[in-house]
Structure formats: C-alpha cells, structure tokens
Amino acid sequence: MTAGDPMQMNRLFSAALGLSAPWEVVGLEFDADRRRLDIRIDFPPGSTFACPDCGQACKVHDATELTWRHMNFFEHRAFLHARQPRTKCSKDGVKTVQVPWARPGAEFTLLFEATVVEMGRNGLTPSAIGRMVGENDTRVWRILEHYVDEARARDSHADVSQVGVDETSRQKGHVYVTLFADMVAARVLTVVEGKDHTTVSSFLADFVAHGGDPQKVTDFSLDMSAAFIKGLGKDFPRAHLTFDRFHVIQLMNDAVDEVRRAEQKSRPELKKTRYSWLRNEKNMKDDERESFQALKDSTLATARAWRIKTALQDLYDEEPDKAPGIFKRWYFWATHSRLAPVVRVAHTLREHQAGVLRWFQSRVNNGLLEGFNSLVQAAKARSRGFRSFRKMATIIYLLLAKLEFRLPQALPGAIHAR
Ligand SMILES: [Zn+2]
C-alpha cells in the first residue's frame with residue numbers, strides 16, 4: 001500500500017471503525033491477489049480498561065489474540081485482528097474485557113452481523129445471504145437465530161388484547177405450525193409447532209413468559225375448525241371468540257359446491273360452473289353474467305344452496321342488534337332446505353353461533369393472518385422448504401414479529417459494503 005503516510009491511514013481507519021481510546025488501528029495489510037484486507041487493532045502499552053464488574057480502571061493482566069470478519073472493503077474480505085485483554089482487579093480478580101466491535105464469542109463484527117440481519121429482514125434467504133457475503137449458511141443461520149432469540153427474550157406482550165390465530169404448513173405431508181398474532185399491533189407474537197389441544201398451552205406459557213396477561217385478552221379471532229377452541233376458553237377466561245367471517249362463508253361455498261357436484265351428474269349444464277357460484281356477479285363478464293342469471297334463478301338444488309349462501313353473506317351487512325334474529329331465520333331456512341351439505345353447515349354455525357355473531361361487536365377477522373400466511377409461504381418457497389421448526393420460526397419472527405434488534409447502525413463512511 002503506497003497511499004500516503006501509514007500513520008494517517010491508521011487514524012483514518014480508526015475513525016471509520018468508530019474506535020475510541022485506548023483502541024486504535026496500528027497496521028493495515030492489503031493483499032490485492034488474495035482480495036483481502038487485514039486490519040490490526042491494539043492498545044498502547046500501559047493502557048487501562050474498566051473492570052467489567054466494578055468499573056474501576058485496571059491494568060491488563062494478559063490478552064488473547066482474536067480475529068473477526070468485518071464488512072467487505074469494496075470487494076475485498078476484511079478482517080480485524082486484536083488482543084482481547086483480561087484485567088486484574090484488586091476486588092474482582094481476573095476478568096475478560098469485551099471488545100466494542102463484537103459480541104462475546106462472535107466470529108464476526110457487530111456491523112457485519114447487522115448487515116446479515118438487515119438482509120434477512122428484507123426477505124433474503126440465509127443461503128442467498130451466505131452467497132452474497134461469502135459465508136456458509138450455517139453461520140448465517142447462527143447469526144439470525146442469535147439476534148431473533150435475543151430480541152424475542154426482551155419482547156413484551158403486556159399490551160396484547162386481541163389475538164388472531166391461524167395455522168400454516170411447514171412442509172408437504174401436513175407438518176403444521178400455528179401462528180398467534182397481536183391484531184392491534186399487526187405482528188406475530190408466537191409460532192407454535194402443531195395445531196392440537198397442546199397448542200394453546202404452549203402459547204399461554206410463551207405469552208406469560210413475555211409479560212402477557214391472560215385476563216387482558218378480550219378477543220380471539222380464528223377458524224371454527226381449530227382443534228383448541230375449548231382450551232382458549234379455559235386459559236383466557238375473559239376472551240370472546242370471533243369466528244372469521246371469511247371462513248364462515250368458505251364453509252357455505254364448499255357446501256354449494258358439494259351440492260353442485262352431486263347434481264351435475266344429472267344436470268350437465270352445471271359442469272364447469274364451479275367458479276360462477278363463488279364469484280361476485282359484479283365481477284363477471286357480460287356473457288358469463290347472462291348464463292349465470294338463468295342458472296341462479298332456476299329450480300336447481302345448486303341454485304337454492306347458492307341463495308342460502310348469499311343470504312348468509314348479506315347477514316354481515318346487518319345492524320348488530322338485528323343480526324341474531326336474522327341468523328335465527330336463516331338457520332331455520334337452511335336446516336329445512338333438504339340439502340345435506342347446507343344442513344350440516346347450518347348446524348355447525350348454530351353450534352358456534354356466539355362466535356359467529358361476536359363479529360358484530362369485535363369486527364375482527366383473520367385478513368391480517370391470511371396476509372402473514374402468504375408471506376410465510378413465499379419465504380418457504382424461496383427457501384425450498386424449512387428443514388426444521390426452529391428455522392421456520394426464526395424466519396417468521398424475523399419477518400413478521402416487529403422485533404427490536406440491538407444492532408449498531410452502519411456508520412456513515414465506515415468500511416462496509418451493503
Ligand atoms: Zn472490579
């Protein structure tokens with residue numbers, strides 16, 4: 001390296017790294033062939049450091065030589081080398097002093113790790129990050145897991161009052177995980193493996209561990225299919241359940257389709273009409289609307305089922321005080337339809353009536369979780385599946401938990417590449 005006075009270069013790099021006394025850059029070794037920059041950091045002889053326990057200035061007892069990978073210097077890999085000192089305190093004895101640019105035991109500087117976490121938060125997969133920074137993805141995972149765990153350990157659930165629950169899959173072959181979200185703060189609180197009766201107790205334990213108060217939770221939003229509805233009532237005694245309105249309509253859509261599939265065997269005009277029965281007429285093209293008009297006004301069983309579904313949809317536009325009466329009449333109509341799939345759904349809704357009608361007070365639905373779920377599935381696709389629950393949970397927390405990571409901001413003018 002020929003650029004100028006070496007002392008000046010050392011001072012420049014000390015400033016760029018944000019070092020303060022007694023730490024200073026004492027040497028730079030630039031190897032263009034190996035595309036590598038080695039930065040030597042040290043403290044002058046006779047330096048003192050604050051005792052990690054009591055803070056009093058202590059002399060250095062001994063020191064261990066360590067190396068950390070730092071941000072690339074342009075396209076060159078950069079490494080910091082320094083002696084990590086141990087102080088000898090008259091009160092506390094021999095103690096290890098932590099260097100300001102890395103956490104204990106880390107192979108990377110904080111700035112390097114901050115960049116990795118930032119890339120992860122922007123949706124890059126650990127293997128993509130690994131390729132970009134030139135490290136294997138096991139090391140990238142270790143960094144992400146460390147910061148997610150650390151941020152989650154500090155994360156407070158004390159203000160949570162409305163919780164949304166949804167399940168998603170980790171792999172084909174029905175490996176399920178359940179997401180619990182704070183509906184007000186619009187963030188994931190907890191990811192739990194499975195979707196059975198133990199799911200609620202796992203959530204409760206994690207919720208309480210993060211300062212959450214079960215007595216403060218007033219609402220849960222979820223599907224009627226959830227296997228843990230009873231558990232929620234027991235563990236969250238003041239919470240009302242709201243069954244997601246889109247899931248309610250989905251059940252009726254499925255019933256309409258079941259009726260149609262049975263009926264089309266004798267009524268070929270019903271073939272290839274599945275989506276017309278699901279679609280909003282307003283969104284149909286003119287010719288589709290015309291042929292659908294004739295179908296829906298017919299005496300077909302499918303058309304009757306569809307009219308019952310449409311009436312259920314319309315219920316959600318009613319005033320809250322009128323809704324229970326209208327639901328009662330709808331139930332009577334549906335159960336007297338002689339359409340087995342419709343009767344079945346009507347009974348399910350009657351059984352869960354309180355949760356169906358609770359929507360008129362809580363107005364919560366699982367739209368937020370549907371959005372989360374598609375982000376999770378997209379992340380899963382980018383990663384070509386998650387190899388473990390731990391890895392999937394780490395990515396979900398990284399992307400969707402709005403965690404506060406304790407990481408340095410990249411210093412303006414510092415030696416980093418982003
Ligand atoms: Zn001390």
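Me: What stands opposite Gly 27 in E2?
Reply: Arg 40 does. This is a predicted model.

Me: What makes E1 and E2 a pair?
Reply: Pairing takes at least two bridges between two strands. Strand E1 (residues 24-31) and strand E2 (residues 36-42) have 7 bridges, in the antiparallel sense. The cut-off is met, so they pair.

Me: Where does Arg 35 lie?
Reply: Arg 35 is in the loop between E1 and E2. The hairpin of these strands has 4 residues between them.

Me: What makes the phi of Arg 35 worth a remark?
Reply: Most residues other than glycine have a negative phi. Arg 35 is not a glycine, yet its phi is positive, about 50 degrees.

Me: Why is Arg 35 called partly exposed?
Reply: Buried needs 20 or more C-beta neighbours within 10 Å, and exposed needs 12 or fewer. Arg 35 has 13, so it falls in between and counts as partly exposed.

Me: Why does Arg 363 count as exposed?
Reply: The exposed class takes 12 or fewer C-beta neighbours. Arg 363 has 12 inside 10 Å, so it counts as exposed. Its place is in the loop between helix H14 (359-362) and H15. Arg 363 also has a positive phi, near 55 degrees, and is a residue other than glycine.

Me: How do you know that Ala 102 is buried?
Reply: The cut-off is 20 or more neighbours. Ala 102 has 22 C-beta neighbours inside 10 Å, so it counts as buried. Ala 102 is found in the loop between strand E6 (93-96) and helix H2 (110-121).

Me: Which residues does Ala 102 touch, not counting those up to four places away in sequence?
Reply: They are Trp 68, Phe 108, Thr 109 and Leu 110. For Ala 102 and Phe 112, the C-alpha atoms are separated by 9.3 Å, and the two residues are 10 apart along the chain.

Me: What makes the peptide bond of Ala 21 and Pro 22 cis?
Reply: Its omega is about 5 degrees. Most peptide bonds are trans. Pro 22 sits in the loop between helix H1 (6-16) and E1.

Me: Why is strand E8 called largely enclosed?
Reply: E8 covers residues 175-182, and 6 of its 8 residues are buried, so the rest of the structure largely encloses it.

Me: How do you know that E8 pairs with E7 and E9?
Reply: At least two bridges are needed for each pair. Strand E7 (residues 162-171) is joined to E8 by 8 bridges, antiparallel. E8 and strand E9 (residues 187-193) share 6, also antiparallel. The cut-off is met with E7 and with E9. Gln 171 stands opposite Val 175 in E8. Val 177 has Glu 193 in E9 as its bridge partner.

Me: What is the strand order of the open sheet?
Reply: The order is E9-E8-E7-E10-E11, with mixed pairing.

Me: What makes E9 and E11 edge strands?
Reply: E9 and strand E11 (240-243) each have a single partner strand, so one side of each is left without a neighbour in the sheet.

Me: Which strands of the sheet does helix H15 touch?
Reply: Helix H15 (residues 367-382) packs on the sheet and touches E7, E8 and E9. Its direction makes about 25 degrees with that of E7. H16 packs on the sheet too, touching E7, E8 and E9, and its direction makes about 175 degrees with that of E9.

Me: Which residues touch the most other members of the largest nonpolar core?
Reply: Among its 90 residues, they are Leu 144, Ala 181, Val 188, Val 342 and Ile 396. Helix H16 (residues 389-400) gives the largest share of this core, 7 residues. In soluble globular proteins, nonpolar side chains tend to be buried together. Ala 181 also has Val 188 of E9 as its bridge partner.

Me: How do you know that the chain is not a compact globule?
Reply: A compact globule of 418 residues would have a radius of gyration near 22 Å, but the protein chain has 31 Å. Its C-alpha trace spans about 95 × 50 × 35 Å along its principal axes.

Me: Where does pLDDT stay under 50?
Reply: Over residues 411-418. Where pLDDT is low, the predicted coordinates should not be read in detail. For the protein chain, mean pLDDT is 91, and 96% of residues reach 70 or more.

Notes. Residues numbered from 1 in each chain as written. Predicted model: local features only at pLDDT ≥ 70, side-chain atom pairs only at ≥ 80, totals over all residues. Rg over C-alpha atoms; globule rule 2.2 N^0.38 Å. pLDDT = per-residue confidence, 0-100. Contact = placed C-beta atoms within 7 Å. Helix = DSSP H or I, 4+ residues; strand = E, 2+ residues; numbered from the N terminus. Core = buried A, V, L, I, M, F, W, Y, C linked by C-beta atoms within 7 Å. Axes fitted to C-alpha atoms, helices over the stretch in contact; angles between N-to-C directions.
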